[in-house]
Amino acid sequence: MIEVKNLVKRYGLIPAVDNISFTLHPGKIYGFLGPNGAGKSTTMNIMTGYIAATSGDVRINEYSIVEDPEEAKSFIGYLPEIPPVYPDMTVEEYLRFVAELKGVKRSERKDQVASAIRRTRLEDYRRRLIRNLSKGYRQRVGLAQALLGHPQFIILDEPTVGLDPNQILEIRKLIREIAISGEDVPEEERPIVLLSSHIMQEVSAVCDEILIIAHGRLIVMDTPDKLISRYHVNDVYEIEARCSEERLNEVLAPFKEMAEFDFDSNDMPDGISKLVLTFPKDSDVAELLFKTLAKEGIPVRQFKRNVPTLEDIFLQLVAKADEEFAAREEERMKEESLRNAANSFDVTPMEDEPEQADDDETEAEDDEADETVEEAAEETKEGGDES
């Protein structure tokens, strides 16, 4: 089990990771989603021990990445976005080298390398130089090195980026097989896979649960089906019919008591009207809409029921997180401005006004000074006349 507790990472005053907590369980694949700059890579780098957190901790099988880094790291397999391969080595040479770096016992290295090659289907490429492999097969080599040491926690950062559709399907299949680790392996002994990706279709197809992060904060964690169910609040139907908007509005008028009508015919061909109807969730009116249009003899060009996709939900949640972040930043800037104003305002205590007697003495001193100046001027003038 992996526990991430109150994880914080700041660069100066900027929080890249802002008090994140979650728990990952064996035998599951977790999708880690977020826009660029959300804090995904920083979080994963902290979890692998590559960088230190400002505060908080990650516990891997009860070992702290802060207090027991070597023990915690021994359970981790990591595939970065760019696989860390050496192009001048063969596949087998490279995997033996990585096994040695990971501290795999000499007596077990040969079997572990063979197992990693078999599980990633690299048998026919084991003696090829890595530089001569396609990008898809280099990605397999990266997966193979992540499996060495039998890690219980596997982190995959954008594992299918840049691959063609066939390679993407193959890598997805390999990831599922890695998580299952054989049908005879108990679930509690299966690895945890954390998959970072920008491809919603991939996450939906591969992952058991999804974590969405934005502006350094975890905003949701749930299964794809539950997420869609939670944010599927309305049933939306799009109807394109060969008639005028007025006619379509008249025919479907009985539905106005339970639906919102929105005509959007601007981009439609001549004679085609488009109507978007929004009903409460689970209204189940598709058949009734069809019958109503058919009864009035209106030709239907397209009839579509829209269900929110994972991408729709992702965009909705990120937009909300953007608004909340903007509000926090505005409040922070106000507080910082007030602090700066308070620091720059120098409050100097006022001196007591001098007494009248002191003023009189000062005036007398000024008069004496004036008389001295006048006498000096007279003496200078007399001296000039004598010359």
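Begin by selecting helix α3, which contributes four residues to the lining of the largest pocket, the most of any element. The model on the screen is a predicted one, and the tour moves from this pocket to three pairs of packed helices and then to a second pocket.

**The largest pocket**

Keep α3 highlighted and display the space beside it. The largest pocket holds about 840 Å³ of space. Its lining consists of 27 residues, and those closest to the centre are Lys73, Ile76, Leu101, Lys102 and Gln145. Next, colour the elements that give two or more residues to this lining: α2 (69-73), β6 (76-79), α3 (91-101) and α4 (106-119). If the lining is then coloured by class, 13 residues appear as nonpolar, nine as polar and five as charged.

**From α3 to α5**

Leave the pocket and add helix α5 (residues 135-147) to the selection. How far apart are the axes of α3 and α5? They lie 9 Å apart, and the two helices pack at an angle of about 30°. Angles under 35 degrees count as roughly parallel, and α3 and α5 are therefore roughly parallel to each other. Their crossing is right-handed.

Now show the side chains where these helices meet. On α3, select Val91, Tyr94, Leu95 and Val98; on α5, select Val141, Ala144 and Gln145, which they contact. Six of the residues in this contact are nonpolar, one is polar and none is charged. Gln145 deserves a second look, as this residue of α5 meets α3 and is also among the residues closest to the centre of the largest pocket.

**From α5 to α6**

Keep α5 and add helix α6 (residues 165-180); the pair packs at an angle of about 10°, with axes 10 Å apart. This angle makes α5 roughly parallel to α6. The crossing of α5 and α6 is right-handed.

Which residues of α5 meet α6? Select Gly136, Gln139, Arg140, Leu143 and Leu147 in α5, and opposite them Gln167, Glu170, Ile171, Leu174 and Ile178 in α6. Coloured by class, the contact of α5 with α6 shows five nonpolar, three polar and two charged residues.

**From α8 to α11**

Clear the selection and choose helix α8 (residues 224-231) together with α11. Are these two helices roughly parallel or roughly perpendicular to each other? They pack at an angle of about 65°, and their axes are 10 Å apart. Angles of 65 to 115 degrees count as roughly perpendicular, and α8 and α11 are therefore placed in that group. The crossing of α8 with α11 is left-handed.

To inspect the contact, display Leu227, Ile228 and Tyr231 in α8, then Leu310, Ile313, Gln316 and Leu317 in α11. The contact of α8 with α11 comprises six nonpolar residues, one polar residue and no charged residue.

**The second largest pocket**

Finally, retain α11 (310-344) and add β2 (14-24), since the viewer can then show two elements that each supply at least two residues to the lining of the second largest pocket. About 320 Å³ of space lies in this pocket. Of its 15 lining residues, Leu13, Pro15, Phe325, Glu329 and Arg332 are the closest to the centre. A last colouring by class divides the lining of the second largest pocket into six nonpolar, three polar and six charged residues.

Key:
Residues numbered from 1 in each chain as written. Predicted model: local features only at pLDDT ≥ 70, side-chain atom pairs only at ≥ 80, totals over all residues. Heavy atoms only, no water. 1 Å grid on protein atoms, 1.4 Å probe; cavity = no way out; pocket = protein on both sides within 12 Å on 5 of 7 lines; lining within 4 Å. Points joined across faces, edges and corners; volume = space filled by probe spheres on them. Nonpolar A, V, L, I, M, F, W, Y, C, P; charged D, E, K, R; others polar. Axes fitted to C-alpha atoms, helices over the stretch in contact; angles between N-to-C directions. Parallel < 35°, antiparallel > 145°, perpendicular 65-115°, else oblique. Left-handed = near helix turned anticlockwise from the far one by under 90°. Contact = heavy atoms within 4.5 Å.
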